[in-house]
Amino acid sequence: MKILVCVTSVPDTTTKITFTGNNTKFNKAGVQFITGPYDDYALARAVELKEKLGASVTVFNVGEADAEPVIRKCLAIGADDAIRVNAEPIDAYFVAEQIAAVAKETPYDLILMGRESIDYNGGQVHGIVGEMLGIPSISPVMRLDVEGTTAKMTREIEGGKEDIEAQLPLVLGCQEPIAEWKIPNMRGIMTARTKPLKIIQPAGQDSLTAVANYEMPAPRGAVKMIPADEAETLIKLLRTEAKVI
Amino acid sequence: MSVLIFAELDEGKLKKSSQEAIFYGSKVAGMMGTSATAVVIGAADQSELATAGRFGATKVLHATDAKLNEPNGMAYASVVAAAAQQEGAKVVVLAKSSLGDAMAARLAGKLKAGLAPNVIELPDLSSGFRVKTSIYTGKAFAFNELKADVKILAIKKNTIATEETDATATVENFAPSLNDADFALRVTNTEKATGDVLLPEADLVVSAGRGMKGPENWGIVEDLAKALHAATACSKPVSDLDWRPHHEHVGQTGIKVSPNLYIAAGISGAIQHLAGVNSSKVIVVINKDPDAPFFKSADYGIVGDVFEVLPKLTKAVQAL
Ligand SMILES: Cc1cc2nc3c(=O)[nH]c(=O)nc-3n(C[C@H](O)[C@H](O)[C@H](O)COP(=O)(O)OP(=O)(O)OC[C@H]3O[C@@H](n4cnc5c(N)ncnc54)[C@H](O)[C@@H]3O)c2cc1C
Ligand SMILES: Cc1cc2nc3c(=O)[nH]c(=O)nc-3n(C[C@H](O)[C@H](O)[C@H](O)COP(=O)(O)OP(=O)(O)OC[C@H]3O[C@@H](n4cnc5c(N)ncnc54)[C@H](O)[C@@H]3O)c2cc1C
């Protein structure tokens with residue numbers, strides 16, 4: 001079985017987001033980059049499937065050289081090799097085009113992604129890739145087992161979940177509790193240094209969207225504190241002042 | 001040339017988020033000097049479909065093939081693509097939801113469209129087609145220029161205030177040919193909470209965290225939610241510990257909500273939690289620790305014990 005895991009290099013979840021250049025550029029100064037948390041779940045499950053069933057796991061990223069620490073970490077966690085498309089990931093369609101191009105050349109049984117990136121929160125790349133390859137896309141997937149050529153999955157739906165079976169190949173957007181996040185061990189970190197990382201040029205240059213500029217949300221007003229022994233006052237204020245109930 | 005809106009049904013009724021999408025689409029149609037057509041898939045009464053007119057749609061295309069009775073992102077995307085072709089639509093609007101997300105992506109692939117997820121305002125058409133979207137899980141906004149011929153807008157829930165008229169929409173049957181490949185998934189089991197207010201659609205949310213000490217204490221959270229007719233939600237550790245089902249987990253790695261009122265009880269207010277709830281209109285925080293970070297992001301706060309405060313609030317709501 002061949003598994004492709006697509007990962008993003010994104011600002012740590014505790015990052016205070018700021019912009020420079022008159023709000024036209026994300027300010028990378030002092031920002032710690034991490035593997036997208038959902039992508040991390042996808043990778044962890046891929047490595048588990050490899051250990052259980054035997055599989056090759058390839059990590060895939062569209063990004064510039066500064067994404068390499070994240071890619072190396074994925075190799076340290078247990079992926080076998082990696083591909084980086086050397087380009088700024090302009091938008092979801094462009095990223096999907098790169099993944100589809102690679103998957104057309106080398107067919108994968110499973111293309112695992114995160115349910116969404118935590119920067120643009122599109123939740124789109126898996127569906128576009130599925131469409132481009134003419135195969136099903138399923139997201140968000142909370143459980144994945146493979147028996148022969150059949151994948152058995154649980155997908156979250158609004159207010160519940162459903163069990164799904166489908167034939168490989170598939171594109172999946174993953175989320176917890178599909179697997180536990182894995183932390184690389186010393187041996188993994190050592191071997192990761194020599195695992196192959198192929199750098200390729202982008203296929204196609206479609207750019208269907210562009211961000212003109214950014215804006216920060218207006219800060220919330222000061223908090224109004226209500227003494228605990230007058231808690232019922234809150235309900236009055238919610239009705240008469242905030243007018244939300 | 002019309003603007004096309006996909007409107008989702010829940011038990012035969014148009015979802016509130018879909019009413020918002022129809023209203024949004026009809027406003028865009030107005031700006032572009034054209035009309036708004038809604039596509040509805042699945043069984044529903046003609047009278048219910050005609051209510052799409054109240055929110056600005058002039059026409060409803062109704063696809064009723066029995067194969068489409070269960071929501072299916074891939075098949076629904078094919079139906080909407082066929083409708084877009086029939087109507088010559090260059091703008092497709094839908095509400096962001098688990099179904100909407102799946103459809104938007106497949107549609108973008110089919111139509112080679114420029115896609116804007118998490119749209120929160122009407123577009124600016126003064127030079128090109130620019131929309132404001134929420135990014136970094138609500139920590140910032142981006143003004144996104146859609147350069148492709150076809151544009152898809154996924155509207156964030158509860159950010160567009162609708163207005164209603166008493167117009168009705170005409171309803172036409174729509175029966176495009178279906179593609180077998182879109183029915184490749186076999187759903188073997190579905191578990192869905194019934195009767196409760198669905199969290200992603202809720203106007204009011206009562207959420208609780210590890211401060212509740214254990215799942216056996218959730219009764220007082222549910223009582224307040226019931227009194228307010230609110231949905232219940234929880235922090236990530238609470239769903240990780242299996243105190244509550246996973247679909248109630250809100251935050252950066254959970255559901256993003258933007259209700260009118262978000263009440264957080266016994267939640268510390270970690271940045272990852274805030275990311276999923278910070279676009280709520282009014283935030284109430286109840287925490288026994290006066291230094292809990294959540295108070296900095298709240299509109300109203302009570303320093304106190306949830307086990308005393310929540311029942312008091314429930315009583316006060318019941319007395320309204
Ligand atoms: C400097 C800079 C500027 C950018 N400007 C824009 C912009 O203007 N508009 C815009 O939409 N995006 C922009 N991005 C790209 C953004 O970071 C995303 O990578 C890309 O847009 C996909 O976002 P999404 O939220 O739609 O992905 P989603 O659909 O939410 O992602 C789902 C999954 O797809 C996979 N995936 C997503 N992106 C990649 C990737 N790059 N490599 C490998 N796998 C991936 C991951 O598994 C992810 O979990 C920019 C990035 C950088 C570094
Ligand atoms: C990559 C990543 C992603 C994450 N994503 C999410 C996410 O999506 N959503 C999320 O919620 N978290 C997320 N987290 C976890 C987050 O960092 C916090 O750990 C979590 O939100 C804390 O949950 P909590 O507030 O319920 O618990 P705690 O932090 O333990 O807080 C409990 C609070 O209850 C108060 N309390 C205790 N007893 C009482 C009482 N009797 N009365 C009143 N108050 C009381 C305490 O003062 C405390 O403030 C993520 C973390 C990481 C690293």
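This dialogue walks through a contact between two chains, a helix and two annotated residues in a predicted model.

Colleague: How many residues does each chain bring to the contact between chain A and chain B?

Modeller: Chain A brings 75 residues and chain B brings 85 residues, and the area buried between them is about 6,900 Å², with carbon and sulfur atoms giving 57% of that area. On the side of chain A, the residues that lose the most area to chain B are A:Glu131, A:Glu158 and A:Arg220, which together make up 12% of what that side buries.

Colleague: Which charged and polar links cross between chain A and chain B, and how many are there?

Modeller: The count of salt bridges between the two chains is 9, and one of the salt bridges in the model joins the side chains of B:Lys132 and A:Glu215, at 2.8 Å from N to O. Across the interface there are also 41 residue pairs in polar contact. The side of chain A that touches chain B divides into 39 nonpolar, 17 polar and 19 charged residues.

Colleague: How many residues of H4(A) are buried, and what do they pack against?

Modeller: A residue is called buried when its relative accessible area is under 20%. In H4(A), 8 of the 9 residues are buried, among them A:Val125, A:Ile128 and A:Glu131. The buried residues of this helix pack against helix H3, strand E8, E9 and strand E12 of chain A, together with helix H4 (98-111) of chain B. Just after H4(A), A:Gly134 takes a positive phi of about 65°.

Colleague: Which residues does UniProt list for "binding site" in chain B?

Modeller: The unreviewed UniProt entry lists several residues of chain B under that name, including B:Arg210, B:Ser268, B:His273 and B:Asn287. B:Ser268 is found in the loop between strand E15 (261-265) and helix H7 (271-277) of chain B, whereas B:Asn287 lies in strand E16 (residues 282-287) of chain B.

Colleague: Are B:Ser268 and B:Asn287 buried or partly exposed, and why?

Modeller: B:Ser268 counts as partly exposed because its relative accessibility is 44%, and B:Asn287 counts as buried because its relative accessibility is 9%.

Colleague: Which residues further along the sequence does each of them touch?

Modeller: Leaving aside neighbours within four places in sequence, B:Ser268 is in contact with B:Asn287, B:Ala292, B:Pro293 and B:Phe294. With residues up to four places away again not counted, B:Asn287 touches, among others, B:Gly266, B:Ile267, B:Ser268 and B:Ala292. B:Ser268 and B:Asn287 are therefore in contact with each other, with contact meaning heavy atoms within 4.5 Å.

Methods
Residues are numbered from 1 along each chain as its sequence is written. Chains are lettered from A and ligands numbered from 1 in the order in which they are written. This is a predicted model: local features need pLDDT of at least 70, side-chain atom pairs count only at pLDDT 80 or more; totals for chains, interfaces and linings use all residues. Side-chain values use heavy atoms; hydrogens and water are left out. UniProt positions are given in the numbering used here, feature names are shortened, and annotations may be inferred rather than shown by experiment. Helices (H or I, at least four residues) and strands (E, at least two) are DSSP runs, numbered from the N terminus. Buried means under 20% relative accessible area, exposed over 50%, partly exposed in between (1.4 Å probe, protein chains only). Buried area is the accessible area (1.4 Å probe) that two parts lose on being put together, summed over both. A salt bridge is a side-chain nitrogen of Lys or Arg within 4 Å of a carboxyl oxygen of Asp or Glu. A polar contact is a pair of N or O atoms within 3.5 Å; within protein, one must be able to donate a hydrogen and the other to accept it, and residues adjacent in sequence count only if both atoms are side-chain atoms. Ala, Val, Leu, Ile, Met, Phe, Trp, Tyr, Cys and Pro count as nonpolar, Asp, Glu, Lys and Arg as charged, and the others, Gly among them, as polar.
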